[in-house]
Amino acid sequence: MAPVATTEQTLQSNGTPKKAVSNGIAKVFNPFYSPPASDENDGTYKFAHYKPSFPDIVWAPLEEQEVTDRGLSADPEKNALFSAATKVQHLTPAIGTEITGIDLRQLSPQQKDEFAFSKIELWHSDVSYELQPPSTTSLKLIEGPPYGGDTLWSSGYALFSSFSPQFQKYLESLYAVHSAVAQADGARAAGHTVRREAIESIHPVVRVHPATGWKSVYVNPGFTRRIVGVPKAESDAVLNLLFHQISDNPDFQVRFHWEPNSVAIWDNRVTTHSATFDFYPHTRHALRATPHGEKPTSVEEYERHGKVAKDRQLDIWKQTGISLPESAQLGKSTPRGYND
């Protein structure tokens with residue numbers, strides 16, 4: 001859930017959230033996630049019809065859905081998509097490409113497929129506790145602050161490639177629990193209806209993207225709680241390492257500064273993201289489209305069908321003509337100079 005900046009003081013003097021009363025029910029307001037009480041039924045905001053609503057509705061648990069990744073039908077070179085742009089800026093093989101002048105409403109089926117074939121390397125991963133977490137996700141900013149409010153993405157591909165082959169193999173053997181319990185508890189504390197009972201799902205720590213065949217670390221601080229089948233101390237140590245690499249290592253990250261009507265499209269299966277909460281008291285309001293993805297596929301399951309899962313960095317080097325000796329180890333520690 002994206003944070004919402006408020007326009008009134010919502011903290012008590014001791015720094016704890018204030019309680020407001022609505023219809024006789026006390027609600028706890030979090031200044032990052034809840035609108036102020038004065039925002040109820042405010043029709044003066046020009047995008048009021050897009051504001052979140054919390055109807056008193058309860059839904060049945062989701063059932064498994066068949067998903068076909070449109071990227072499997074795409075031209076990896078994306079010729080149809082790039083030819084329609086007014087500007088194509090190839091950033092780096094690790095980050096991807098920025099394109100300007102595309103009208104998303106006018107994309108042909110072929111161009112949509114090429115959009116779906118995402119190699120973008122863009123800290124939580126949206127609702128990863130679902131049985132089938134989201135795939136390619138888009139976000140459009142309709143109201144933004146004059147400063148701040150950037151979004152950062154961290155690449156699960158790059159994180160996997162950064163480790164030694166031995167540690168990569170270990171991670172490939174692990175599964176982790178992703179939980180919705182804390183999010184549901186937060187909704188109840190804010191006085192909202194929990195529309196589906198909180199679930200927990202077990203997903204591989206390393207998943208394979210169905211279109212690229214690349215391996216990606218699939219854990220995130222927001223929803224991943226523990227690794228299955230190992231002692232708690234080991235689980236905590238491994239997850240803490242992965243979480244800190246996601247949030248602290250700039251080599252895996254890209255940062256996007258929003259402008260009104262900016263649209264970001266990223267692959268939720270192979271990235272984690274975080275907004276910067278540095279724009280109070282201004283408004284940051286965006287619209288998101290989040291489709292179902294497939295159930296995360298482990299390396300073992302992917303290769304069971306005769307395919308070979310790949311390391312993204314090795315694949316990029318191969319595509320760019322860089323040859324490495326067989327003894328080369330991606331995760332081998334090397335000295336680094338001072339970076340300004």
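Is glutamine 183 buried, exposed or partly exposed? Let me start with that one residue, and then we'll walk through the rest together. Glutamine 183 counts as partly exposed, because its relative accessibility is 31%, and the band for that label lies between 20% and 50%. Please keep in mind that we are looking at a predicted model.

Staying with glutamine 183 for a moment, you'll find this residue in helix 5, which covers residues 181–189. If we set aside neighbours within four places in sequence, glutamine 183 is in contact with Val127, Tyr129 and Phe223. Take the first of those: valine 127 is 56 residues away in sequence, and the two C-alpha atoms are 9.5 Å apart in space.

Now let's step back to the whole chain. The protein chain has 340 residues, and 40% of them are buried. Its secondary structure comes to 8 helices and 15 strands. About 19,100 Å² of the chain is exposed, with 53% of that supplied by carbon and sulfur atoms.

On to the sheets. Here is a general point to carry with us: strands of a sheet pair through backbone hydrogen bonds, either parallel or antiparallel. One open sheet here has 3 strands in the order 12-6-14, with antiparallel pairing. Which strands stand at the edges? They are strand 12, residues 253–256, and strand 14, residues 271–275; each has a single partner strand, so one side of each has no neighbour in the sheet. On average, neighbouring strands in this sheet are turned by 20 degrees against each other, ignoring direction. Strand 6, residues 151–155, is joined to strand 12 by 4 bridges, and the two run antiparallel. If you'd like a pair to find on screen, look for tryptophan 153, whose bridge partner in strand 12 is valine 254.

A second open sheet, again with 3 strands, has the order 8-7-11 and antiparallel pairing. Its edges are strand 8, at 200–204, and strand 11, at 224–227; each has a single partner strand, so one side of each is left without a neighbour in the sheet. The twist from one strand to the next averages 30 degrees. Strand 7, residues 175–179, runs antiparallel to strand 8, and 5 bridges join them. In that pairing, tyrosine 175 stands opposite proline 204 of strand 8.

Next, the interior. In soluble globular proteins, nonpolar side chains tend to be buried together. In this model, the largest nonpolar core has 22 residues, and those touching the most other members are Leu159, Leu171, Val205, Val219 and Leu242. Helix 3 (156–161), strand 9 (206–208), helix 6 (232–248) and helix 7 (299–303) each supply at least two residues of this core. The largest share, 5 residues, comes from helix 6. Apart from this core lies another one, of 7 residues, and its members include Leu139, Trp153, Trp258 and Ala264. We met Trp153 a moment ago, as the bridge partner of valine 254. And if you click on valine 205, you'll see contacts with residues including Leu171, Tyr175, Val219 and Leu242, leaving out residues up to four places away in sequence.

Helix 6 also has a partner to show you. Its axis and that of helix 4, residues 165–172, come within 13 Å and cross at roughly 115 degrees. The crossing is left-handed. From helix 4, Phe167, Tyr170 and Leu171 meet Glu234, Val238, Leu241 and Leu242 of helix 6.

Two loop residues to finish. Where is glutamate 130? Look in the loop between helix 2 (109–116) and strand 5 (136–143). Glutamate 130 counts as buried, because its relative accessibility is 8%, and the cut-off for buried is under 20%. Beyond four places in sequence, glutamate 130 touches Leu62, Arg196, Ile199, Ser201 and His203.

The other is asparagine 261, in the loop between strand 12 and strand 13 (263–267). Most residues other than glycine have a negative phi. Asparagine 261 is not a glycine, yet its phi is positive, at about 75 degrees. This asparagine counts as exposed, because its relative accessibility is 52%, and exposed means over 50%. Asparagine 261 touches Lys140 and Leu141, not counting residues up to four places away in sequence. Its C-alpha atom is separated by 5.6 Å from that of isoleucine 142, 119 residues apart along the chain.

Thanks for listening, everyone!

Technical notes. Residues are numbered from 1 along each chain as its sequence is written. This is a predicted model: local features need pLDDT of at least 70, side-chain atom pairs count only at pLDDT 80 or more; totals for chains, interfaces and linings use all residues. Side-chain values use heavy atoms; hydrogens and water are left out. Buried means under 20% relative accessible area, exposed over 50%, partly exposed in between (1.4 Å probe, protein chains only). Accessible areas come from the Shrake-Rupley method with a 1.4 Å probe; for residues, only the protein chains shown count as cover. Two strands pair if DSSP finds at least two bridges between them. Axes are lines fitted to C-alpha atoms, for helices over the stretch in contact, and angles run from 0 to 180 degrees between N-to-C directions. A nonpolar core is a set of buried Ala, Val, Leu, Ile, Met, Phe, Trp, Tyr and Cys residues joined through side-chain atoms within 4.5 Å. Contact means heavy atoms within 4.5 Å. A crossing is left-handed if the near helix is turned anticlockwise from the far one by less than a right angle, and right-handed if clockwise.
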